Amino acid sequence: MIARRRIVAATLGVLLAPRAAWAQSLSLGQDEVLRGRFTQQRFLQGFNAPLASTGSFILAPNRGLIWHGETPFALLTGMGPGGLVQRVVGGATTRYPASKLPMLAQLYEVFSAALGGEWGKLEGIFEVERKGTPTKWQVMLIPRKKDGGMPLQHVAVQGGRFVNSVEVARVNGDRDTIEFNEQVVSRDPIDSEASELLGMVSHP
Amino acid sequence: MSRALALAWLAIVVAAGVWLALMAHRGFPIQTDLLALLPREERDPIVQQANEAVSRSIGRRIFLAFGDADRDRARASAQQAVAAITATHRADPLDSTTLQDIGRKMAIFYFPYAGVGNLLSAADRTLLESGRAADIANRAMAQTFGFGSPVDARLLATDPFLLLPSFLSSLPAPLGRLALDEGLLTVVVGPATWVFIPITLRHEVFDLKAQQELVDAVDGAVDRIARTSPTTRVLRLGAIFFANQGARTAIEEASLLSTISIVGTILLIVLVFRRLSPLLLNLLAVGTGVAMAFAGTFLIFGGIHVAALLFGTSLIGVVVDYGLLYSTLAFGTVAVTGPQRLAQVLPSITLGLSTTLMGYAALTFAPFPGLKQIAVFAIIGLVSSFITVVLWFPVFDRVAPLQHGRKLLQLATWPWIFWSADRYRLARRVLLAGCLGLVAAGFALYRTDDDVRRLQALSPTLVLEQMEIQQLIGSSVEAQYLLVGAPDDEAALQREEAAVARLDKLVTERAITGYQMPATFVPSLQRQALDKALVEERLLRPLLAQHRARLGLAASPAIVAPAALLTVATTVAAGTVPLLADMVVAPGVHIVVLQGLTRPDLVRAAFAGQADVRFVNPTADFSDLLGAYRGRAVDLTIYSLFLVLCLLVWRYGMRNALWVILPPAIAALLVPAIVSLTGQPFTFFHAMGLVLVIGIGADYTIFCAETLEGYQSVTMLSILLAAAMTLLSFGLLVFSGTLAVRSFGMTMLIGVTVAYVLAPMASRAVIRHRPPRP
């Protein structure tokens with residue numbers, strides 16, 4: 001179960017970053033970070049309404065990804081080469097180290113490959129179909145092995161200068177859509193709590 | 001008549017020879033498992049079953065580690081070795097797909113049992129018991145809405161508080177600190193990347209052929225890696241490497257020692273007799289003895305243990321006794337034809353054979369399968385050699401009385417003179433007093449040591465590599481374990497759950513680093529029911545409705561109760577939980593695997609006085625057993641001494657018989673005394689040799705007692721030759737690299753030497769009181 005979260009996490013990491021490589025107009029420097037807001041809708045089989053949540057995110061190259069849920073539930077998640085860490089605001093911190101589940105290491109490879117904008121590496125795991133222009137493009141990722149531990153049907157990404165939306169379709173029919181907006185690249189320092197979480201996951 | 005018998009014997013020997021040749025063509029079934037030498041009886045069958053399960057499970061596991069500062073080189077080396085091992089079809093390296101599948105398959109297996117809390121992690125149980133159910137609800141919210149949520153509709157519908165994912169992630173990581181790096185298990189330590197390949201043997205670890213092929217494949221791969229990638233270090237862990245090295249040493253040693261023994265024997269006979277015929281006849285006696293012994297042992301046991309092979313080849317030293325006594329008659333002048341010579345030696349060798357057989361027959365009572373083999377090997381060999389002397393020697397013997405050897409005869413007669421001449425009366429008393437003094441002094445220092453670990457000389461390199469791998473992985477599976485015995489699986493699981501608090505305390509005390517038990521993977525039905533009630537009362541009733549509302553589930557599907565509770569039988573049958581099958585020995589008999597054991601004493605103390613959860617330390621138990629059998633071997637020695645005495649009383653009368661029994665008895669006493677004086681502890685393997693010392697020592701005194709007037713020198717020469725040969729074979733074992741074998745050799749060295757020196761003492765007494773012969 002945890003592993004599946006990693007898969008999605010890794011995939012999202014892949015997706016947030018490569019837009020720079022795709023557009024070839026933006027590349028995050030060593031101390032640059034990408035910030036933005038997200039709206040996530042989770043369409044689950046047998047549920048009448050989607051599970052919706054909103055919040056902000058921070059992508060720091062070579063360190064990891066911070067996913068800050070605000071509604072309906074305040075939650076901070078950090079993801080990096082060292083695994084995944086979750087903190088319920090005002091509550092407990094839960095760590096899922098990479099060594100606990102060997103699959104994570106493989107998935108982080110996807111994550112880091114994408115962070116470097118290396119689509120070539122992803123092509124080992126996904127079939128990558130690209131369409132459109134540098135200002136309005138779509139990428140469809142389809143796992144090459146359906147039973148290789150990736151319970152994904154496909155991942156569809158749309159973007160321009162930044163990634164605009166992602167759809168993750170699972171083999172069981174569940175589907176997540178995430179829309180991104182207000183994306184900014186800057187050298188502003190990361191706040192202390194996010195830094196702390198990144199510190200916990202940025203090393204294996 | 002005797003000719004017909006000789007021909008019949010020839011037919012038997014030829015048949016055995018042909019059969020052996022056929023066997024040799026297919027490869028002799030040689031066993032090398034030292035544990036096979038252990039007694040099967042007098043052991044708790046449950047413990048034995050558990051020990052076998054544990055050693056089989058550990059024995060089949062191999063770990064190879066490839067370390068290099070360059071990640072790619074470490075990986076390439078590992079892949080090279082995997083290819084070589086796969087090609088042998090003797091073992092299966094664990095591939096990355098299998099590793100990745102373990103977690104997924106476990107999740108799928110457990111899913112139908114999830115839902116209402118019958119699978120609850122210890123942490124969640126504590127949360128509920130301490131009234132912190134809201135934490136669990138929040139965690140479930142976090143996981144549902146969090147980044148890359150693992151939650152799907154089916155899981156959320158069945159398990160809205162996500163108790164199952166929590167249970168699954170609380171299960172112990174199967175591979176310690178290792179993580180998958182592009183499909184290979186890897187750990188980075190300092191500058192080096194270590195890649196690990198777990199391998200499972202398809203065969204038992206002591207299967208010699210499979211063992212050799214696999215070790216050759218690994219050695220070959222390591223050699224190639226050393227050439228192509230010299231910076232890469234390769235470490236090995238696995239019983240197979242120790243077993244292979246032990247077998248190699250034993251076989252090399254056996255062939256070297258038996259070669260020296262045979263060459264020495266040949267040289268000795270040729271030098272003494274200066275004729276070829278006695279050599280050929282004695283080689284025939286030895287050859288038929290050993291060949292028949294091999295054939296008989298294979299026929300009875302279906303194979304031969306390498307230890308029986310080692311002791312068995314030394315039998316050459318004893319089987320040569322009868323032929324030598326016959327052949328030395330050529331130095332005499334009375335008996336000149338074959339039948340005359342046979343008639344003269346027949347009483348001696350018959351009596352000698354009888355007493356020695358008694359010694360070996362006593363050995364067959366020892367419940368050690370290996371000792372039984374040795375005894376059977378020896379009995380068949382001795383009897384065959386005896387038959388060859390009786391049936392074939394008179395037919396082929398053409399040796400005229402020998403004229404040379406006067407000096408040799410004088411030399412050999414010296415002990416006889418010492419024990420008969422009046423001028424040595426004082427010296428004799430001094431010698432006997434000296435023997436008594438030695439016995440007293442020796443027994444003052446007498447100590448025993450039955451530590452089984454001393455039996456096998458383990459390669460220090462392999463031991464170091466094993467320790468390094470265990471450090472890198474951060475866990476080790478110990479041969480020591482806790483054995484849970486209960487009427488059924490449910491009772492066993494409950495006992496394990498009751499032991500958890502004590503085990504956790506041992507972890508905090510650093511007596512162990514961790515443990516695994518069946519109850520970790522399959523809670524007892526009682527625990528499942530209690531957890532279910534706890535979840536119902538503390539979580540579902542107060543929080544479920546609110547939780548659903550927070551999730552935004554308008555019309556949620558009803559919680560589906562699991563069809564059945566989880567049981568050990570179904571979990572083992574599913575085969576999805578790694579190593580669970582190894583921990584369930586039989587219904588109700590479970591093993592708690594201990595990891596990183598450093599303080600066996602604390603573990604033993606923690607479970608002292610508990611009949612249903614016992615700390616089992618196979619090494620220590622094994623050592624205790626060896627101690628018990630050391631005692632039994634000493635009993636056997638006394639018993640066989642008594643049997644020999646009965647035979648002697650029948651032949652010589654009570655008073656004389658006591659004199660005849662004295663030399664072997666003193667020899668048997670001096671062995672532990674001298675061993676103790678050298679500072680060595682007395683072990684089971686010393687004691688085992690004592691039985692043989694009695695048999696051989698009795699031979700010598702009987703040969704003396706049966707000597708006809710004027711043949712004392714000839715008899716003494718034959719005894720000297722026999723003793724020399726026995727020392728050449730048994731005595732040589734003191735040079736063995738294996739302590740057990742060395743100890744046995746030490747007993748033979750002391751015992752046979754003393755028996756030779758003292759032998760004429762008894763004969764002197766017998767001659768004085770011998771009743772006139774008919």
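The exercises below, each with a worked solution, deal with a predicted model of two chains, A and B.

**Exercise 1. Composition of the chains**

Work out how many helices and strands chain A and chain B have, and what percentage of the residues of each chain counts as buried.

Solution. Begin with chain A, which has five helices and 11 strands, and in which 46% of the 204 residues count as buried. Then turn to chain B, where there are 29 helices and 13 strands, and where 48% of the 774 residues count as buried. As a last step, consider the contacts with a separation of 6 or more: in chain A, residues 24 or more positions apart account for 49% of them, while in chain B such residues account for 83%.

**Exercise 2. Confidence in the model**

Find where in chain B the confidence is lowest and where it is highest.

Solution. Start from the average for chain B, which is a pLDDT of 82, with 89% of the residues scoring at least 70. Next, look at the elements of chain B: confidence is lowest in helix α12(B), residues 306-313, at a mean of 68, and highest in helix α17(B), residues 425-445, at 93. Over residues 768-774 of chain B the pLDDT is below 50, and this stretch has two contacts in the model beyond near neighbours in sequence. For the model itself, the scores are ipTM 0.73 and pTM 0.67.

**Exercise 3. Two helix pairs and their orientation**

Decide how α14(B) and α25(B) are oriented to each other, and do the same for α1(B) and α15(B).

Solution. Take α14(B), residues 338-364, and α25(B), residues 618-652, whose axes come within 9 Å and cross at roughly 155°. Angles over 145 degrees count as roughly antiparallel, and α14(B) and α25(B) are therefore roughly antiparallel to each other. Their crossing is right-handed. Among the residues that make the contact are B:Leu351 and B:Met358 of α14(B), together with B:Leu636, B:Leu643 and B:Arg651 of α25(B). By class, this contact of α14(B) with α25(B) has eight nonpolar, four polar and one charged residues.

Now take α1(B), residues 2-26, and α15(B), residues 369-396, which pack at an angle of about 120° with their axes 10 Å apart. α1(B) and α15(B) are therefore oblique to each other, and their crossing is left-handed. In this contact B:Ser2, B:Leu5, B:Ala6 and B:Trp9 in α1(B) meet B:Ile387, B:Leu391, B:Trp392 and B:Val395 in α15(B), and by class there are seven nonpolar, one polar and no charged residues.

**Exercise 4. A third helix pair**

Identify the residues through which α10(B) and α11(B) meet.

Solution. First place the helices: α10(B), residues 239-273, and α11(B), residues 277-301, pack at an angle of about 145°, with their axes 8 Å apart. The crossing is right-handed. On the side of α10(B) the residues are B:Ile266, B:Ile269, B:Val270 and B:Phe273, and they meet B:Pro278, B:Leu279 and B:Asn282 in α11(B). The classes here are six nonpolar, one polar and no charged residues.

**Exercise 5. The surroundings of one residue**

Explain why B:Pro93 counts as partly exposed.

Solution. Locate B:Pro93 in strand β3(B), residues 91-93. B:Pro93 counts as partly exposed because it has 19 C-beta neighbours inside 10 Å, whereas a buried residue needs 20 or more. Leaving aside neighbours within four places in sequence, B:Pro93 is in contact with B:Val82, B:Ile85, B:Thr86, B:Ile197 and B:Ile199. Finally, B:Pro93 and B:Ile62 are 31 residues apart in sequence and 9.0 Å apart in space, C-alpha to C-alpha.

Definitions and conventions:
Residues numbered from 1 in each chain as written. Chains lettered and ligands numbered in written order. Predicted model: local features only at pLDDT ≥ 70, side-chain atom pairs only at ≥ 80, totals over all residues. Axes fitted to C-alpha atoms, helices over the stretch in contact; angles between N-to-C directions. Helix = DSSP H or I, 4+ residues; strand = E, 2+ residues; numbered from the N terminus. Left-handed = near helix turned anticlockwise from the far one by under 90°. Contact = placed C-beta atoms within 7 Å. Nonpolar A, V, L, I, M, F, W, Y, C, P; charged D, E, K, R; others polar. Buried ≥ 20, exposed ≤ 12 C-beta atoms within 10 Å, placed from the backbone. Parallel < 35°, antiparallel > 145°, perpendicular 65-115°, else oblique. pLDDT = per-residue confidence, 0-100.
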